[in-house]
Amino acid sequence: MPLDLRAILTTVAALLSGILAALALTNPVLRDWAIVASPSEVDRWISSGPTAVGLGAVVAVLACALSQRRGSRRAAWIAIAVGVAVIAIIRAVVPEVASLDLLIALIIVKSVAAGAILGCVVAVSWDRTATKNATLLGVLATFLAVRTFAGGTGRMSTSSVGEPSWWLIGATAAAVIACAVTAQAGFRIRKPDAGEIRIALVVITALAIGHRVLGAVIDRQQYASEATAWIVMVLAAGAALALTWIAAYRLGDTSGAGGKFLWAATALAAASAPLFVDIAKGSGHWGQLKSPWVLALFAALPVAVGLRLHKQVPNLVPIAVLVAVPLSELLPFDSAHGVWAIALKIAALGLAAGLLFGSLAPGSLVDATLGLAIPFAAMAFSSIAILTDQLSFPPMMTSIYIQGQIDIEAVPPHADGELFGRGIGITVDYVTSQTVGAAVLFTLIIGFCGVAILRRSHPPVDTTESRIEPGPVG
């Protein structure tokens, strides 16, 4: 069997584009910032991140729709190359930025470029199994692992995980340009259905705005009473699920539709939210990772295995795995929050994501783009995880942390032999009522998503134009 170099090149380009898009769309909120400004200006800067990510998600679906409209794979690859160039320019400019307004503008531009890359790469990759799996692998593995690369906020940046590396930008640009040059004119992107695109655009806009508003409401409860905070979180979680239910109903959940894919993306976003808080605390309290690439491997390999085995494993299995991740917070502190515990959670999420996303991948290109954007845009769940962590913070942890910082120089580097270089040695082992409440809340959220995935399918609602079924590409 002859080696198809064009297919290999396209698969590599899809993988790298998915990694770059996911990295550029990731902008988690941390507690400490390198910005010296008034509180109102700092708040404006912090809030610009989630807003930009929501905008990027909408742009992703729009870019996918426009690529379908045009139908040219070469044009889609060129659009990806332009997005990569924009990210490269921002990467070069950021170290010289001194204006907060300019930094906010760059955050928005970078998110828009990342959204365009994500939408276009789905458009050019979804009709071949290898390229589709490469896109899924790049996006999902990066979503799960990128936060382990966060090195703090000691410098100006458009993201708290830092800027994409030059080697990633260069490799992606080279692969994408090569794909644009070698694209076959006769192998065109599947033509879209107007009703399908309209529904997807309305759904992603509603979800992005809804999660952004709910996240902002939750964030404001930091100094409210604990009872008020819990009421707001429960109501916000219910509102997010209600909004998702309406969106999934509009998309439909039969084979080839995107409703169940949306539920899978929502379940992954909810299951990963508490873990990302643990990772953020770990990089600050326990020291830097010796090699975050180890955790990247823990994310990538299980995703690849899940994509390979999704036809042999029933959907109940990955749903049970997703439920188990937040429940693991009820284990003793060291067992639930140690380095290897985090690595195993990342691996579990990667396997579940690969199984679910591989099994439920829709035929609709815009529905697929929508689902892949949701884990980044579902900010209501990340806000709940951050707030529940603040509520469950031990009363004496602050003094323990301060003392640990004073004594940290006495700890030999790499003394523990673990993935983290050096740690403070906090030996707190506790499960509070807040910890239990958070675990139960996230379990219920994931369980609701799981029931929606496992229930009997129904056809999509009628639209003015009938939805198209996936077919051969002309």
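The second largest pocket of this predicted model is lined by 23 residues, and those that lie nearest its centre are Ile19, Leu23, Phe149, Trp167 and Trp293. Its volume is about 630 Å³. Four elements give two or more residues to the lining of this pocket: helix 1 (5-25), helix 5, helix 6 and helix 10 (292-309). Helix 5 makes the greatest contribution to the lining, with five residues. Rolling a probe the size of a water molecule over the atoms shows where empty space is left.

The loop that follows helix 5 and leads to helix 6 contains Thr158. This residue has a relative accessibility of 2% and therefore counts as buried, the limit being under 20%. Thr158 is also placed beside a distant part of the sequence: the C-alpha atoms of Thr158 and Ala105 are 9.3 Å apart in space, although 53 residues separate the two in sequence. A second pair of this kind involves Ile218, a residue of helix 7. The C-alpha atoms of Ile218 and Phe381 are separated by 9.5 Å, while the two residues are 163 residues apart along the chain. Ile218 has 0% relative accessibility and so counts as buried.

Charged side chains provide further links, and the whole structure holds four salt bridges. In one of them, Asp127 pairs with Arg190, with the closest N and O atoms 2.5 Å apart. Asp127 belongs to the loop between helix 4 (100-125) and helix 5 (129-145), whereas Arg190 belongs to the loop between helix 6 (166-182) and helix 7 (194-219); the pair therefore ties together parts that are 63 residues apart in sequence. The two partners fall into separate exposure classes: Asp127 is partly exposed at 24% relative accessibility, and Arg190 is buried, with a relative accessible area of 11%.

Another salt bridge joins the side chains of Lys345 and Asp278, at 3.7 Å from N to O. Because Lys345 lies in helix 13 (residues 339-360) and Asp278 in helix 9 (residues 259-285), this pair ties together parts that are 67 residues apart in sequence. Both ends of the bridge are buried: Lys345 has a relative accessible area of 6%, and Asp278 has a relative accessibility of 3%.

Lys345 also forms a salt bridge with Glu329, and here the closest N and O atoms are 2.8 Å apart. Glu329 is located in the loop between helix 11 and helix 12 (333-337), and Lys345 in helix 13, so this contact ties together parts that are 16 residues apart in sequence. Glu329 is itself buried, with a relative accessible area of 11%. Shared partners also occur around Asp127, since salt bridges join Arg73, Asp127 and Arg190 into one network.

The cysteines offer no covalent counterpart to these ionic links, as a search of the whole structure finds zero disulfides. For Cys120, the reason is distance: the closest cysteine sulfur, that of Cys64, is 7.8 Å from the sulfur of Cys120, which is too far for a bond, given that a disulfide requires sulfur atoms within 2.5 Å. Cys120 counts as buried at 4% relative accessibility. Cys179 likewise counts as buried, at 2% relative accessibility.

The surface, finally, carries a nonpolar patch of about 460 Å², made by Leu327, Leu330, Val431, Val436, Val440 and Leu444. Helix 17 (residues 433-454) supplies the largest share of this patch, three residues. Leu327, another member of the patch, is found in helix 11 (residues 316-327). The relative accessible area of Leu327 is 36%, so this residue is partly exposed. That value is over the 30% that patch residues must exceed, which is why a partly exposed leucine can take part in the patch.

Key. Residues are numbered from 1 along each chain as its sequence is written. This is a predicted model: local features need pLDDT of at least 70, side-chain atom pairs count only at pLDDT 80 or more; totals for chains, interfaces and linings use all residues. Side-chain values use heavy atoms; hydrogens and water are left out. Patches are made of residues with over 30% relative accessible area and no salt bridge: like charges are joined within 9 Å, nonpolar side chains (Val, Leu, Ile, Met, Phe, Trp, Tyr) within 5 Å. Accessible areas come from the Shrake-Rupley method with a 1.4 Å probe; for residues, only the protein chains shown count as cover. Buried means under 20% relative accessible area, exposed over 50%, partly exposed in between (1.4 Å probe, protein chains only). On a 1 Å grid over the protein atoms alone, a cavity is a set of points where a 1.4 Å probe fits but cannot get out, and a pocket is an open set with protein on both sides within 12 Å along at least five of seven lines; lining residues have an atom within 4 Å of a point. Grid points are joined across faces, edges and corners, and a volume is the space filled by probe spheres set on the points.
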